[in-house]
Structure formats: C-alpha cells, structure tokens
Amino acid sequence: IIYEVAQASHITLTIYNTLGQEVIRLVDRVQPVGRYEVIWNGTNAHGAGVASGIYLYRIVSGRGYVDTQRMTLLK
C-alpha cells in the first residue's frame, strides 16, 4: 500500500474485513512529509493468517483526510 503524506501529521492505516471488523492496524504514528509503502503479510493483529478474500484499508490523517480502498488478498 503506497501513500503520501502532504503535511506532517498522525497517520493511521487500518485493514478491515468486509464485516467492518478491524483485522490489523499497520500504521499508527506521526509521520513527516513523504511517500510511504506498507506491506501487509496477510495476518491479523495476533499474527494468525487470514483467509483469502476482499478487505478494506483505511488511511486517516490527523488533519482530517480519510480514504478507504478495497483490495483482494490472494494466497
């Protein structure tokens, strides 16, 4: 997952299943301006593998920006 931070702020990037349940939070910190790439290895917050299927990821900045995208996990 590639994203850019235009102004330094607190960023959260969270993966959800199609039921809206949080699977894992990949990013939860203040980040300076720049381009970032996060790789999700298909596990949940407890380290257990998750099933193939459709997942959503949501990026939220402390400055009010919110974006949600759909992705497919294939194993």
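Is Arg-35 buried or exposed? In this predicted model, Arg-35 has a relative accessible area of 59%. The residue is therefore exposed, since the cut-off for that class is over 50%.

Arg-35 lies in strand 4 and takes part in a salt bridge with Glu-4 of strand 1. The closest N and O atoms of Arg-35 and Glu-4 are 3.2 Å apart. The two residues are separated by 31 positions, and the pair links distant parts of the chain. Glu-4 is exposed as well, with a relative accessible area of 59%.

The strands that carry this pair are themselves partners. Strand 1 (residues 2-5) and strand 4 (residues 34-37) run antiparallel and are joined by four bridges. Within this pairing, Ile-2 faces Glu-37 of strand 4. Strand 1 has two faces: Tyr-3 and Val-5 are on the covered one, Ile-2 and Glu-4 on the uncovered one. Strands of a sheet pair through backbone hydrogen bonds, either parallel or antiparallel.

A second arrangement involves four other strands. They form an open sheet in the order 3-2-5-6, with antiparallel pairing. Its edges are strand 3 (22-31) and strand 6 (66-73), each of which pairs on one side only. From one strand to the next, the twist averages 15 degrees. Strand 2 (residues 9-16) is antiparallel to strand 3, and eight bridges join the two. Ser-9 stands opposite Gln-31 of strand 3.

At the other edge, Thr-72 is placed in strand 6. Thr-72 has 52% relative accessibility and so counts as exposed, the cut-off being over 50%. Leaving aside residues up to four places away in sequence, Thr-72 touches Gly-53 and Ile-54. The C-alpha atoms of Thr-72 and Gly-53 are 5.6 Å apart, although 19 residues separate the two in sequence.

The structure holds three salt bridges. Side chains of opposite charge can pair when their charged atoms come close. Besides the Arg-35 and Glu-4 pair, salt bridges link Glu-22, Arg-25 and Asp-28 in a network. Between Glu-22 and Arg-25, the closest N and O atoms are 3.2 Å apart. Between Asp-28 and Arg-25, the N to O distance is 3.5 Å. Arg-25 thus appears in both contacts.

How exposed are the members of this network? Glu-22 is partly exposed, with a relative accessible area of 43%. Arg-25 is partly exposed at 41% relative accessibility. Asp-28 is also partly exposed, with a relative accessible area of 41%.

Note on methods. Residues numbered from 1 in each chain as written. Predicted model: local features only at pLDDT ≥ 70, side-chain atom pairs only at ≥ 80, totals over all residues. Heavy atoms only, no water. Buried < 20%, exposed > 50% of the residue type's maximum accessible area, 1.4 Å probe, protein only. Pairing = 2+ DSSP bridges. Axes fitted to C-alpha atoms, helices over the stretch in contact; angles between N-to-C directions. Contact = heavy atoms within 4.5 Å. Salt bridge = Lys/Arg side-chain N within 4 Å of Asp/Glu carboxyl O.
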